[in-house]
Protein chains: 2
Amino acid sequence: MPTSKDVAEAAGVAQSTVSYVLSGKRPISEKTRKKVEAAIEQLTYQPNAGARALASRKTRVIGLVIPFIPELHMASIMEFVSVIANTARQHDHDILLVTEDEGAPGLRRVVGQQICDGLILMQVEGDDERLPVVRSLNVPVVLIGIPRDPTGLVCIDADFEMAGDQCVRDLAAAGHSVVSVIDWQPEVVDRHVNYVDRFMRGTDKAAGELGVTVLHLPGGADRDVIADSVDKALAKTTGIPAFVAPDGTVQDLLRRILSSRGLTPGVDVSVIGSASPTLADLQPIPLSTIDLRPAEVSRRAVKIICQLLEADSPGPHESLELVPTVITHRSSTLRPPRGA
Amino acid sequence: MPTSKDVAEAAGVAQSTVSYVLSGKRPISEKTRKKVEAAIEQLTYQPNAGARALASRKTRVIGLVIPFIPELHMASIMEFVSVIANTARQHDHDILLVTEDEGAPGLRRVVGQQICDGLILMQVEGDDERLPVVRSLNVPVVLIGIPRDPTGLVCIDADFEMAGDQCVRDLAAAGHSVVSVIDWQPEVVDRHVNYVDRFMRGTDKAAGELGVTVLHLPGGADRDVIADSVDKALAKTTGIPAFVAPDGTVQDLLRRILSSRGLTPGVDVSVIGSASPTLADLQPIPLSTIDLRPAEVSRRAVKIICQLLEADSPGPHESLELVPTVITHRSSTLRPPRGA
DNA sequence: ACGCATCGACGAAGCGCATCGACGACAGTT
DNA sequence: AACTGTCGTCGATGCGCTTCGTCGATGCGT
C-alpha cells in the first residue's frame, strides 16, 4: 500500500503538500496540484483511514443501531438501513452496524473506542433505556422515533399523528362512520412504542372532530388474533366496514382474512395499509396506503447527523422533526360519494 | 478521553506495560496487572481504534457487502445481516456496511483505505462482475453464494442442490408424479444466479432418478405471472398437484392463488415453501418447508473470515462449503402413503 | 533599485497505540 | 562471590496522517 509519503516523493513535493492537496485546507498552485494528483493516480494511492482518524480525530463513520426484534417487519427495517447507508456515502461517511444485542454498553464501546463519530438509533421507544447513555455520550446522536422526554435529544420520525388523522379523515370522507384500526403487536403497544401512541392520538382526535367511531383492535403476526380482531370489528360496524393496518406484518394477514370472510376491498370494505408505492401496486387489489416515508426519514436522519458532525459544536443539541405522511388512494378503499 | 499513557501514569507503569496487559503478548506479573486493570477501570479507559489500527495494521472490522436488489426478499436479507453482525461481535469484530450501489470501486475503497480487514459478499452471482476485483484485493473475502468459477475464492452457501433433491424426493414419496417448481423471479433466473441453477439441478437429478416429472415455471413478485404458472402446472398435472416455492416472495402469492383456485394445501395439493420454522408455523396451514439455513450460513461465513484474519497468511485461499438444508413436514404436504 | 506583502510549499511535531531491543532484579549454579 | 539465565518492565521508535509555524519566491509600489 502506498502512503502519502510515497506520493510526495513521486510528485517531488513534501508530504504535507499531498495532505493539503487532498483536504484543500490550504491554497495549492495549479502546477503542483496536477503533479500530486498524477502521482496519486499512478500509485492508486488511498489515504489510510486509521491514520487519518488518529490525526484528525474524525473517523467519518456513523454507527447505526439496528433493532432485531422479531416482531418488527424486517423488510421495512431493511429499507431504513439501505437508504441510510447510501445517504451516508453521499455525505462521504460509512455506516457501522451496531446490533441492539449489545445494548447500552455497545453504544459506549463504539463511541469510547472512537470507532465512529456519531450514532443513529432506530426504533427508539418511549422510555428507552439507552437514552441516559445517549445523553452522556458527548457525540452527536440522532434518534429515529420520539421518546417520551426528548429533552436534549435530536429526534426525527414520520408524523404518525398526521398519519392517523389522514386515515380517519379519508375513510370518513368515503362515507364510513366506523373505522377499525388494527394496531401493532400487543408487545409493541404495551411497550408504548412512541409511534403507536402518536398514531392513535391522530386517529382519535380526527374521530372526535368528525363524529366517527374508531375501534382499536390488537394486531400482531398471529393469524388468529387478527381474525378475531376483524370479526369483532365487523360485529361492531354498521354500514360498510373500514380497516386501517399501519403495520406491514398485519396488513398481509388482514387481506387474507377479509377475503376468507367474503369481503372485497374497495367494494364492500375499505382497507388502508402501509407500503411503498411499488409494493402497493403489486397487490391483487392495489392497496390504498398511508406512506410513512421511511426513505425520507432515513435521508433526513443522515443529513442531520452529518450537519452536527460538521459543526461539531460540543454540548447537547435538541431538535424534533416530523416528516409529513402521504395518503394515496388506490382501489382498496371506497370512492368518496360525489360532491364530497 | 483517557489514553493508555494516562492509564500508565495512574498505575505507575510504562505505557508499553499497559499495552501488554491489554494484549497479553508478554508476561506481566500479577501485581502490576492488577494495578493496571484498576487504573483502566477507574479511568474507564478504552483503547483508541484508529491508533490501534494504525499501529497493528488490523482494524477488526469486516466489510459486509449487501444487495439491495428490489426483487429480493428483504426480510431474509435482514436475517443474514443480523446474524452476521452478531456473530462478528462474538469474534470481537465489527461490521461495516458496504452497499452494492458502490459496486466494485466500493470494495477497492474500503480495502484500500484500510477501513476493514476483510469482506463478506452476499448474493454472489454466477458471473459476478466483482470477482476479478475480489481476487485482486489481497485481503480475505468470503462469498455467500457459489460463482461459476470459484477458483481461488472462499465460498459458502446453502446446499441448494440438496434442497432441490429433498423437495422432489419428498413429494415423490408422498405419491406425486408431477412436481411444479415455481422459480425465482425471471430476472434472477436469467442472471444465472448460481443458487437457482443448483436448485434446479437438484430437482432434475432427483426427478430423473425417481421417474418423476418436474415442471419449472416462472416466479416473481407479480401476481399474474404466478397465477399463470399455477394454472399451467394444474393443466399439466395428472393426479394431485405438488408445488415447490423456494423463494419467499413467491410463496406468499402462491398460497393465495391456490386458495382462489379452491385448492387446500395438505388436502388436494402439496406445497413446500421456504421459511424459518417460526414463520412456517404461523401460516394458516402450517407450511412444509425447505430450510435454507440462512443463520447457519451466516455464522459460518463469519467464522471462516475470522479464521482467515487470524491466520493472516497472505495469498489467495480456496474453499467451498455447502450447508446441508433441512426439509420439515408440516400440514401443507400430503402424508406419504402408509408403508412408504 | 529596494522593501514589503502575499502566496505557496516545506519541515516538524504530534495523534495513541504496538512492538522490539534492552536492561535491571532476582534465583540458581559452580 | 562471580556467572548465567529468566522474568518482568521500560524506553524508544514508527505506523500514516493532519496541522501549525515558518520561510523562500514572486509580485507590487515607490
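**Note on the DNA surfaces and the chain A–chain B interface**

1. In this predicted model, 29 residues surround DNA strand C, with Ser16(A), Pro27(A), Thr32(A), Ser4(B) and Ser16(B) the closest; a residue is near a strand if its C-beta atom, placed from the backbone, lies within 6 Å of it. Local features need pLDDT of at least 70, side-chain atom pairs count only at pLDDT 80 or more, and totals for chains, interfaces and linings use all residues. Residues are numbered from 1 along each chain as its sequence is written, and chains are lettered from A in the order in which they are written.

2. The most residues on the surface near strand C come from α2(B), which gives 6 (helices, H or I, of at least four residues and strands, E, of at least two are DSSP runs, numbered from the N terminus). By class, this surface holds 12 nonpolar, 12 polar and 5 charged residues (Ala, Val, Leu, Ile, Met, Phe, Trp, Tyr, Cys and Pro count as nonpolar, Asp, Glu, Lys and Arg as charged, the others, Gly among them, as polar).

3. Around DNA strand D there are 29 residues, of which Ser4(A), Ser16(A), Ser16(B), Pro27(B) and Thr32(B) come nearest. Here α2(A) supplies the largest share, 6 residues.

4. Between the protein chains, 35 residues of chain A are in contact with 35 of chain B (C-beta atoms, placed from the backbone, within 7 Å). On the chain A side, α5(A) gives the most, 8 residues.

5. Strands β2(A) and β2(B) (residues 94-99) pair antiparallel over 3 bridges (pairing requires at least two DSSP bridges). Within this pairing, Ile95(A) has Leu97(B) as its bridge partner.

Key: Contact = placed C-beta atoms within 7 Å.
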